[in-house]
Each structure stands twice: as C-alpha cells, then as structure tokens.
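Reader: Please pick one part of this chain and go through it closely. Set it in the context of the whole first, and explain each term as you use it.

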Amino acid sequence: MPGKIVLFASVSLDGFMEGPDHDIDWHRVDEELHLHFNAELARMGGFISGRRTHLLMADYWPTADADPASSPAEREFAGIWRSMPKYVYSTTLEHADWNTTVVPRVDPAEVRALAAAAGGDLSLSGADLAASFREHDLIDAYQIYVHPVVIGRGTPLLTPMDSSADLRLDTTRAFPNGVVLLRYERERGA
C-alpha cells in the first residue's frame, strides 16, 4: 500500500500556522509533546517541505544534539531529522544538504510515485506548499496540533479555494500543556 501524504502542522486556536513575520515562538512544545512528535515523525518515510520551512529546519537540527542546552527530545529529533529523506519543493533553491532532494515543482504523478516508493507516510509541512498540495488533492490526512493561544493574524492553515474535501476524524488526543491533536483522514469517493 502506498504511503499517505500527511499534513503535519501546529496551529493557533484561530487557525494560523505562523505569525505575521513567520514566527512560531507561540508554539507550546514541551518535552512530552516533543517526544510525541519524535515518535510520530520517526516512523515516516520522509519529510516534504517548502524552501522556507526546510531552511528553518536546516539552520538548527543538523547540530542540535551537540548543543548542551538541547533537551533529550531535541537531541533525539536531531538524529531523526538528519537521517530522514527530505524533499524540498523550491524554484529558487538549487542544492540542499542533509539527505535532501530539491524538487522544482509539484507534479501530482511524481508526488504519488514518491509516496508509493517512500516506505511509509510522508510528512508535509509549510503553508504555501500545503496549499499547492491541496489544490492537487494530494493530502491524504491532516494531523493538526491546536495550540492554546490566539495570535490574531498570520499565515492561515487553510487558504480559501474552490474545492472541498470530505474528512473522517481518526484520532484525538489532549496533552497536559493544552495542545490538542486532531487527525483527519481524507475520505475519497468510490
């Protein structure tokens, strides 16, 4: 069975993935939630992101486990991130390190072939890239972490578009820090 493409995102209660200046300092990630993220992401077949998300990750995670200030969960994730195959969609990035393939455009047939060959689900991140994947109906599941904060404005999780998608609630979980996981599976018609 081919791997699913899972939009893996943290959002504010008012539906934003990031603040006005792409800030995410409002995320409520404690050690327990970070260990949960690690367990979920370690079983993925790869990470898919846009350029901005990839550069943000590549700026910190390659050496995070060498920083004495890093928590055990951060040190663990640094290894997960380095070893995981990564696919960054960008028309401006020519090369990326850390087990990363640069892909110039979203081609639905190529994305489905990648998912079929990945050896597990693919974690999708990045607001703009998620919108492009939605336009092509490429998202199979939405794994959304709602953080207990209202930030007022920023980049919305879902941008308006002229299509709809039926979803089925698969999993919920409330974490002690107030974050709530909502996982929805895409219902595809017969």
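Author: Accessible areas here come from the Shrake-Rupley method with a 1.4 Å probe, and for residues only the protein chains shown count as cover. On that basis the protein chain exposes about 9,800 Å², of which carbon and sulfur atoms supply 53%. The model is predicted: local features need pLDDT of at least 70 and side-chain atom pairs count only at pLDDT 80 or more, while totals for chains, interfaces and linings use all residues. Residues are numbered from 1 along each chain as its sequence is written, and side-chain values use heavy atoms, with hydrogens and water left out.

The secondary structure of the protein chain comes to 5 helices and 10 strands. Both are DSSP runs numbered from the N terminus: helices are H or I with at least four residues, strands E with at least two. The radius of gyration is 16 Å, close to the 16 Å that the globule rule gives for 190 residues, so the chain is as compact as a globular protein of that length. That radius is taken over C-alpha atoms, and the rule is 2.2 Å times the number of residues to the power 0.38. Of the 190 residues, 45% count as buried. Buried means under 20% relative accessible area, exposed over 50%, and partly exposed in between (1.4 Å probe, protein chains only).

The part chosen is helix α4, residues 108-117, in which V111, L114 and A115 are buried. Seen down the axis of α4, these buried residues fall within an arc of 100°, so they line one face of the helix. The arc is that of the directions from the helix axis to the C-beta atoms. An α-helix has 3.6 residues a turn, so residues three or four places apart point the same way. On the other side of α4, A109, A116 and A117 are exposed.

The cover over the buried residues of α4 includes the strands β1 (5-12), β3 (46-50), β4 (86-89) and β6 (122-125), and also helix α5 (127-135). Contact, in this sense, means heavy atoms within 4.5 Å.

Now the two ends. D107 caps the N-terminal end of α4, with a side-chain oxygen 3.0 Å from the backbone nitrogen of A109. A polar contact is a pair of N or O atoms within 3.5 Å; within protein, one must be able to donate a hydrogen and the other to accept it, and residues adjacent in sequence count only if both atoms are side-chain atoms. After α4 comes G119, whose phi is positive, near 75°. G119 lies in the loop between α4 and β6 and, at 73% relative accessibility, counts as exposed. G119 and M44 are 75 residues apart in sequence but 8.0 Å apart in space, C-alpha to C-alpha.

One of the covering strands, β1, also takes part in an aromatic pair. A search of the whole structure finds 7 such pairs. The rings of F8 and F37 have their centres 5.7 Å apart and their planes at 70°, so this pair is edge-to-face. Rings of Phe, Tyr and Trp (its six-membered ring) pair if their centres lie within 6.5 Å; planes under 30 degrees apart count as stacked, over 60 as edge-to-face and the rest as tilted. F8 belongs to strand β1 and F37 to helix α1 (residues 31-42), 29 residues apart. Both F8 and F37 are buried.
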